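This report looks at the overall form of a protein chain, at the surroundings of its ligand and at one of its pockets.

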Amino acid sequence: MKDEYRRRLTQLLGDSVSFDQQICAAYDHDLGEMPGVLMAQIKACPTAVVVPKTTQDVVKALTFAGETGTPVTPRGQASSGFGGAIPTRGGLLLDLSSLNRVLAVDQEAMTVDVEPGVVWQGLSKELQRCGLDNRICPTSAPSATVGGWFAMGGVGIGSLRYGSVADVVEEIDVVGLDGRTVTCRGDRMQPYYQTCGSLGIITRLRLKCRKAEALRPYAIEFPDAFSLQAFMQEAIRSFDIDTAILHSDGYVAMRKAAGGHHSLAKGHFLAILAIPESQADDAKLALLTKMHKGEQFSEQVAREEWGDRFYPMRIKKVGPTVLVGEFYLPVDNFAAAWEEIAGDLSRDCIGMEALAISKSELTVLVYLPECSKDLLYPVRMAKAVRPAAIARRHGGRPYTAGMWFAAESKEVLGKAKYAGYRRLKKELDPENLLNPGKIVAPGMRWLPILNLGTVVHLGSALASPFARFLSYRGKGPSPSGEHHEH
Ligand SMILES: Cc1cc2nc3c(=O)[nH]c(=O)nc-3n(C[C@H](O)[C@H](O)[C@H](O)COP(=O)(O)OP(=O)(O)OC[C@H]3O[C@@H](n4cnc5c(N)ncnc54)[C@H](O)[C@@H]3O)c2cc1C
């Protein structure tokens, strides 16, 4: 960045902007561990980091970027792991976690206005003081920001009742490269949902809340995937379930190896349900459990399992790293898809965690411990795409795009929304300055005629048959272990 630009930025933003190389380098990655060969294709280190004190600082930074043709990357807590918050062309990094005030709670309308950097778990605590709570939150609630989750898109705890994050956001303020702030509601918010801040920076969100209520947790063990699926199909129809989380034996074993308490018998599954106290019917649930060969754990175990819902990545301790494959899957095809996935990757110790997000669909995460220091890591990583490919044959679809899965953006957004996005991008950001390389993949440094998304996509497809045979030889857990007392 030219000296004159630095001077202007400092004049505009004072100590909210930093050019310190060590500070900038701290923002060149997110939670995912990508091989150096891929990271070398982008300019991930920003030239300057802006930590805004007010939304006016965001306006100033964007106006500067628009006038000088500087790329801008927004960032919440970088917990998404899909590369959405990593710069691809250097420029300004906007750390929005500093805008973290709860602006107003409307108890009657049951809504809350927040700045984008407010963290979900903190917001829940704040709302509970006035008898309200978040309708939904990601399982990364202890760190993930409200703005980051909306811009990334997704589903989480509570989605079975309330839908995706798009369904709970009522209104947003967005700042564009011309420094203007627009307020959007209803369909006008759609272009900003799931598009990684590549059309504008969100500076305020109004969320629908719910009355705070006690949830009763249950933990139930099933002997196989088909019994679990049959139970889930009926339970979702029969009860007003807030959240249903499913774990495979491998996942529970990984958690045990990482310091957890419980384990499951080989091939067994765990369902953790949370039902509002007012709707809970223990006798009816016990009958349904028995009908599907399930066995309920004690109330204490259920409470411990439910209490652990925000710490799924504790299992990272068993890897040096953990590869994650994520996708949506119809509930009706869960068992068949899982049997195929488990058979395909049987050489590795794999774990599965799923969340019911509607009466008909689950989001499924497959975890594979791996060694990111291994020379063959770029090939090994391709294992993570195999479960999603199998899920597709069972009616599954991709979860989100970010940067690394930009080649799947059309499928993630849907054809019509993708086409509308491309039109709007040309109109609002013709120079591609707002979070470049997201949704539409970045170009490659070494081979500029190719884009990185296509290379990652094709590379994964080519490498995955070989990756399957490169099994993990680390200290991973064995799925069999001490069985917990019911
Ligand atoms: C342990 C764990 C559990 C998780 N559980 C879930 C889950 O249950 N459901 C789920 O969907 N995801 C989940 N995730 C993924 C991730 O946590 C969510 O997508 C999360 O909400 C992202 O929030 P963040 O603040 O980290 O955003 P970031 O990762 O920092 O940003 C996400 C995207 O939004 C953009 N962005 C950030 N702030 C703004 C803004 N103000 N305006 C415009 N664009 C912006 C960024 O550029 C980036 O493209 C999980 C991740 C982890 C590590």
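Helices, as the word is used here, are DSSP runs of H or I with at least four residues, and they are numbered from the N terminus. In this predicted model, helix 6 gives the most to the shell around the ligand, with 5 residues.

**Overall form**

The protein chain holds 18 helices and 18 strands. Its radius of gyration is 23 Å, close to the 23 Å that the globule rule gives for 486 residues, so the chain is as compact as a globular protein of that length. Taken along the principal axes, the box filled by the C-alpha atoms is roughly 70 × 60 × 40 Å.

**The ligand and its shell**

The ligand is surrounded by 35 residues, of which P74, S79, S140, V155 and Y399 are the closest. By residue class, this shell divides into 18 nonpolar, 16 polar and 1 charged. Among the elements that each supply at least two residues of the shell are strand 3 (72-75) and strand 10 (201-211), together with helix 6, which runs over 146-152.

Which atoms of A78, G84 and T145 lie opposite oxygen atoms of the ligand, and at what distances? The table sets these pairs side by side.

| Residue | Atom of the residue | Atom of the ligand | Distance |
|---|---|---|---|
| A78 | polar backbone atom | oxygen | 2.7 Å |
| G84 | backbone N or O atom | oxygen | 2.9 Å |
| T145 | side-chain N or O atom | oxygen | 2.7 Å |

For A78 and G84 the partner is thus a backbone atom, whereas T145 takes part through an N or O atom in its side chain. On its own the ligand has 980 Å² of accessible area, and the protein covers 93% of that area.

**The second largest pocket**

The second largest pocket has a volume of about 380 Å³. It is lined by 21 residues, and those closest to its centre are S124, Q128, D133, R210 and R309. The elements that give two or more residues to this lining are helix 5 (120-128), strand 7 (132-134) and helix 12 (299-307), and helix 5 gives the most, with 4 residues. The lining residues divide into 9 nonpolar, 5 polar and 7 charged.

Set beside each other, the shell around the ligand has 1 charged residue, while the lining of the second largest pocket has 7 charged residues.

Key
Residues are numbered from 1 along each chain as its sequence is written. This is a predicted model: local features need pLDDT of at least 70, side-chain atom pairs count only at pLDDT 80 or more; totals for chains, interfaces and linings use all residues. Side-chain values use heavy atoms; hydrogens and water are left out. On a 1 Å grid over the protein atoms alone, a cavity is a set of points where a 1.4 Å probe fits but cannot get out, and a pocket is an open set with protein on both sides within 12 Å along at least five of seven lines; lining residues have an atom within 4 Å of a point. Grid points are joined across faces, edges and corners, and a volume is the space filled by probe spheres set on the points. Ala, Val, Leu, Ile, Met, Phe, Trp, Tyr, Cys and Pro count as nonpolar, Asp, Glu, Lys and Arg as charged, and the others, Gly among them, as polar. A residue is near a molecule or strand if one of its heavy atoms lies within 4 Å of it. A polar contact is a pair of N or O atoms within 3.5 Å; within protein, one must be able to donate a hydrogen and the other to accept it, and residues adjacent in sequence count only if both atoms are side-chain atoms. Accessible areas come from the Shrake-Rupley method with a 1.4 Å probe; for residues, only the protein chains shown count as cover. The radius of gyration is taken over C-alpha atoms; the globule rule is 2.2 Å times the number of residues to the power 0.38.
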